[in-house]
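Trainee: Could you take me through one part of this model up close, the aromatic pairs and whatever surrounds them? I'd like the cut-offs along the way.

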Amino acid sequence: MVVASPPPPPPPAGLSLSDVQAVTEAPCPAPAALPNPKIEGNNSLQACDELEKTVKVKEEGDASSHAQVSTSATTAPTWHNHLAHWASAVSTCTRTLTRRAFRALGLAVGARPMLTVIATVAFVVACCAGNIMLKAENDFEKLWYPRHSRAWKDKVFVRDHFGAWNRTATVYLEATTITNNNDNNNNMGSKLLQAAADVHRLTTQIPLYDDVCARKSMRCVTASVLTPFEHNATSLTWANVLNASDILPAPVDVLAAGIDTRENNAAAVRVSFELDRAKSTESLLSFEKTFLQLCRGRFSGAISENIRVACEATRSYQDEQERALEGDTMLMMGAVGVMLLYTSLAFAKPRDAVRSQSMLGLSVMITVGMALGSAFGACAFAGLPFTQLSLMSVFIIIGVGVDDTFVLHGAFERARDSDDEGAMDVASDASMEAACDAKRLARALEEAGPSVLLTSLTDAVAFSVGAAIDLPAIRYFCIVAGVAVIFVFILQTTAFAACLVLDAKRQRRRRLDVAPCIVTSKPADNEEDQSRQEDDGLLEKLLRDYYVPTLFPEPEERIAWRSIVVCLMICVMTVLLYTLGAQHIRRGANWASFLPEDSYLLEAYEVRDRHFGNVGSLMVLTGRVQNATHPKTLEAIRSLHATAVALPWVRALPAEMERGVWYEALSRGEVGATSLRTDVVRDESGDIVASRVVYTADIPMDPDEDVRRVDEARRVADDPRFSMLGARVFSAHWQWLERYRRIDQITSQTIGGALGGVALVSILLLRPSAAVFTTLSVGMCCCCLLGGMSLWGLRLNVATVVNLVLGVGFSIDYSAHIADCFATRRSVNGESRTEAVKKTLATLGPNVLHGGCSTLLAVLLLAASKSTAYQDIFKSFLLIVVFGLLNGFALLPCTLRLLG
């Protein structure tokens, strides 16, 4: 049974529908019809009182209509009907309050635009003062490792008892030519040993080395095949090296590769220098810089030409990654410039220098720049550091700001009343002009303000969810971006709104766009009418004349079937993308791909992987032990280390270390095992509170296998047999693995939380059905985005999670404006679904599409980047814009047409 829609509410007593329409559309009276405020003391906004009363009448009628619909729909008192009733009541109340608030804001700003600009500039200057306190943070460990993970807690235990994890500087020496002539100086085995000795000699001669080297038993710690021989290669053979393998600082295959004792040859050697992280950071960085310069210069020519030299230091990766990003800084600046140029061209009218608004596009960028400066300053006041990832917020916030700017500008242009313009052209009273400007801006903000508020709040909620990620770099970025979104909203609805009014005043005074000091004569009426008819740009004509008739063709039956087909096609595409792509997306990141193509680190990685594989260290630790000399305690210690060494990927240690003899000797205070004395920490009473043994361990290239090994090692430490020891196991790279193993959880929580926030805000500011469809549209966009990323070769990592959060923010911009305009036309204007969705796409669609096109053109520049980071940004943003516009301009309109 079909239930007819209830009739619209009648007008108040004494006011007919024709009277309401007449008052609503009435222009501001001519100056002669207005009372003179100087004589009668009336307020300058009194000319628009009737309009204000009429809007209130319409809003009350809107609320009454909602109440009637709810009453007819809740014939059966079921829980879902009650829920729908309350959701509709809440959204109606919220929308009414926000529309009234924006109308009041428009009246205030429109009446005093210059004062508004001055006030906002003063506010921005006060916020930007915090940038004086802004501090940069570049420490990789502090930014990119989860703080609440087990690996981080174990790292803190190691740092508190044994000091900070030491830095390293490493040299790889590879023989490029191997000869078998033992009777001359061309023997490469001997040359490699001599080269290792020269590397040690020249490195230790660097002035800062004695100050920054890590010491054990008062001697600087180095790892080399020459360590047992005091780094003297004279008359040394590789057979001597193998015979001393028990006293080498690490397994021999970690320090040398391809040893052939019969020919006295080897393929490569590694020499590492440990640096004390507790020393001054400035001194450590200065030494590493000098070391890298010396190494890349082949140690002043001391190394034979037949030996390949490669090197790396702790600072190397961050330096090279920053160099890769700096190389494409101009591309990022160019992308921002493209947005500025596009905005100016979109506002320009080449055939009418007066009504052209290209300089208004400059105010857009100034407004967004002020918002970014205020956000960074406010975050600096709160003590948040500045990171390199925070720079991404510049590009993102400009994109979000430009999108909403087009919506506000379009609403302001639609609020123009020709009769008002004619009245103000002959007005001699400045208060009359201000009143009509305020009226026009009030109309614009009342129309566009709620949707701009909706997108700003949903963006802020999405970023706030991202701020909950247990990664400081992501958290700082999301906080800055969320605060910047709020500042953009505040400045757009005040400073930019005031600029719209000031630009309207300029047009009325016939001042040129790019040269406001020049005044032109007023054109004939037919010329001005023709100029206004030519205001529609290419996007407006494409949407109105081609896209809307194609998507919704006449008659009504064809529109319904076409909408169903479009919705089914997009749903099938989403399912295929998610099934084929998102379900098989690879995790992790290829860190070498983020380096420049000419990076010296790539050569070091190549030599390391070819000869030494990927090796690291595994710490087996104990906490405070009661009665360390008790036989049960000593047996537990021996069993712990025997179990650890039994792991197939852990390298064996010398026999006295494996059996725990060193621990027994130290527990009794004996002087033996001096090389490990610093690995046992005692309190003031002499009791052992912590101890460690550092093993060499193989690190697999497959991170999933690496995660399995982490769990295997932790099962050893968690064995009840070792509970009396407080056993722990730790490796430095496990901090990254904690992030890798939790990436699925982080992704689901982030996207789920962002979508939940979008749904909540949408229900408050949209009608319930429109809110549901908007959230579904954003969710399908995220599914498409995940699948597209996978098929394009992107991996699931923290950078991808950030892009997914941005995808939620951008896609809500493309969908919420459409849904809000549709809901307004349905509730306020009483239009049918077909008529409402057609007019929404024809009027508001071009403004939203302009924002998407500006972002799309900007990211296309990043395709020319050689940096993997910028390439990933280009791919992600391209997918975000394409899928966001597809869902916002195809799926959502068709869904609203069918079910809205």
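Mentor: Let's settle one word before we start: a residue is buried if its relative accessible area is under 20%, exposed if over 50%, and partly exposed in between, using a 1.4 Å probe and protein chains only. Keep in mind that this is a predicted model, where local features need pLDDT of at least 70, side-chain atom pairs count only at pLDDT 80 or more, and totals for chains, interfaces and linings use all residues. Residues are numbered from 1 along each chain as its sequence is written, and side-chain values use heavy atoms, with hydrogens and water left out.

On to the rings. Searching the whole structure turns up 13 aromatic pairs. The rings of Phe, Tyr and Trp (for Trp, the six-membered one) pair if their centres lie within 6.5 Å; planes under 30 degrees apart are stacked, over 60 edge-to-face, and the rest tilted. One of the pairs is Tyr172 with Phe612, which is tilted, at 6.0 Å centre to centre and 40° between the planes. What makes it fun is the sequence separation: Tyr172 is in strand β1, Phe612 is in the loop between α24 (600-611) and β8 (615-622), and the two are 440 residues apart. Tyr172 and Phe612 are both buried. (Helices, H or I over at least four residues, and strands, E over at least two, are DSSP runs numbered from the N terminus.)

Phe612 has a charged neighbour as well: Arg270 lies over the face of its ring, 4.8 Å from the ring centre. To qualify, NZ of Lys or CZ of Arg has to be within 6 Å of the ring centre and within 35 degrees of the ring normal. Elsewhere, the charged end of Arg440 does this to Phe412, at 3.9 Å from the ring centre.

Now for strand β6, which spans residues 268-275 and has 7 of its 8 residues buried. Two strands count as paired if DSSP finds at least two bridges between them. β6 pairs with β1 (residues 167-175) in the antiparallel sense over 8 bridges, and Val171 has Val271 as its bridge partner in β6. β4 (residues 222-223) also runs antiparallel to β6, over 2 bridges, with Ala223 partnered by Ser272. Then there's β5 (residues 256-257), antiparallel to β6 and joined by 2 bridges; here Ala256 stands opposite Val269. In a regular strand, side chains alternate between the two faces of the sheet.

There's more aromatic company to look at: ring pairs link Tyr209, Phe273, Phe287 and Phe291 into a cluster.

Back to β8, the strand that ends the Phe612 loop. An open antiparallel sheet of 4 strands runs in the order β9-β10-β8-β11. Its edge strands, β9 (680-682) and β11 (728-730), each pair on one side only. β9 is antiparallel to β10 (residues 688-698) over 3 bridges, and Arg682 stands opposite Ile688 in β10.

For contrast with the long-range pair, try Trp736 and Tyr740: a stacked pair, 5.6 Å centre to centre with 25° between the planes. They are 4 residues apart in helix α29 (residues 734-741), so about one helical turn separates them. Trp736 and Tyr740 are both buried too.
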